[in-house]
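Trainee: I should like to go through this structure with you, beginning with charges and rings. May we work from the sequence and the model together?

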Amino acid sequence: MKSAALRYADLGYRVFPCRSNSKLPATAHGCLEATCDPDLIEIWWTAHPGANIGLATDGLLVIDVDGRQNPWLDDPERVLELSAAPNSLTPKGKHFFFRHAAGKCSVGTLADHVDTRGAGGYVIVPPSIVVGIQYTWITELDMPTDQLPEPPRWILEDK
């Protein structure tokens with residue numbers, strides 16, 4: 001986990017530890033303490049080697065779709081546009097990662113069981129494990145934050 005956390009930080013993503021097998025922060029202030037500082041990341045993951053990786057979503061817009069068979073993903077054009085972004089499988093569904101300075105957190109605004117994470121939020125990222133299921137990349141988050149695609153216009157209009 002530590003090497004993955006350091007890799008995200010090296011790309012400019014701010015990370016923080018979450019409890020093992022959980023989404024709950026392992027720090028007192030959670031995503032408010034997220035950092036790209038490799039020394040602090042070394043300290044955190046040395047103290048908590050099994051900690052999951054929380055990634056602060058300030059400057060991002062992460063589309064969080066719950067349900068592997070969520071009907072919102074039945075539209076092939078929608079899936080094609082979303083899949084242009086790095087995306088991962090989660091224990092309950094999928095995450096799609098976009099760059100968006102004004103991204104906000106919402107619950108169910110785009111559709112049932114489709115949330116967004118932006119300013120003030122966070123998501124768990126691979127190779128973290130929650131409820132015994134590992135997060136995995138479909139399309140790797142292997143680019144700096146400023147190289148992420150912008151979200152499709154219809155997402156911004158639906159919010």
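Trainee: Over the ring of which residue does the charged end of Arg7 sit?

Mentor: The model is predicted, with local features needing pLDDT of at least 70, side-chain atom pairs pLDDT 80 or more, and totals for chains, interfaces and linings using all residues. Residues are numbered from 1 along each chain as its sequence is written, and side-chain values use heavy atoms, without hydrogens and water. A charge counts as over a ring if NZ of Lys or CZ of Arg is within 6 Å of the ring centre and within 35 degrees of the ring normal. At 5.0 Å from the ring centre, the charged end of Arg7 sits over Tyr8.

Trainee: Which residues form one aromatic cluster with Tyr8?

Mentor: Rings of Phe, Tyr and Trp (its six-membered ring) pair if their centres lie within 6.5 Å; planes under 30 degrees apart are stacked, over 60 edge-to-face, and the rest tilted. The cluster joins Tyr8 with Phe97 and Trp137.

Trainee: Which buried residues does helix 1 have, and why are they on the same side?

Mentor: Helices (H or I, at least four residues) and strands (E, at least two) are DSSP runs numbered from the N terminus. Buried means under 20% relative accessible area, exposed over 50%, and partly exposed in between (1.4 Å probe, protein chains only). In helix 1 (residues 2–10), the buried residues are Ala4, Ala5, Tyr8 and Ala9. They lie on the same side of helix 1 because they cover an arc, taken from the directions from the helix axis to the C-beta atoms, of only 140°.

Trainee: How are the rings of Phe16 and Tyr122 arranged?

Mentor: The structure holds five aromatic pairs. In one of them, the ring centres of Phe16 and Tyr122 are 5.0 Å apart and the planes are at 80°, so the pair is edge-to-face. This pair links Phe16 in strand 1 (residues 15–18) to Tyr122 in strand 8 (residues 122–125), 106 residues apart.

Trainee: Is Phe16 buried or exposed?

Mentor: Its partner Tyr122, at 24% relative accessibility, counts as partly exposed. Phe16 has 0% relative accessibility and therefore counts as buried.

Trainee: Which strand supplies the largest share of the lining of the largest pocket?

Mentor: A pocket is an open set of points on a 1 Å grid over the protein atoms alone where a 1.4 Å probe fits, with protein on both sides within 12 Å along at least five of seven lines; lining residues have an atom within 4 Å of a point. Strand 3 (60–66), strand 7 (114–117) and strand 8 each supply at least two lining residues. The largest share, three residues, comes from strand 8.
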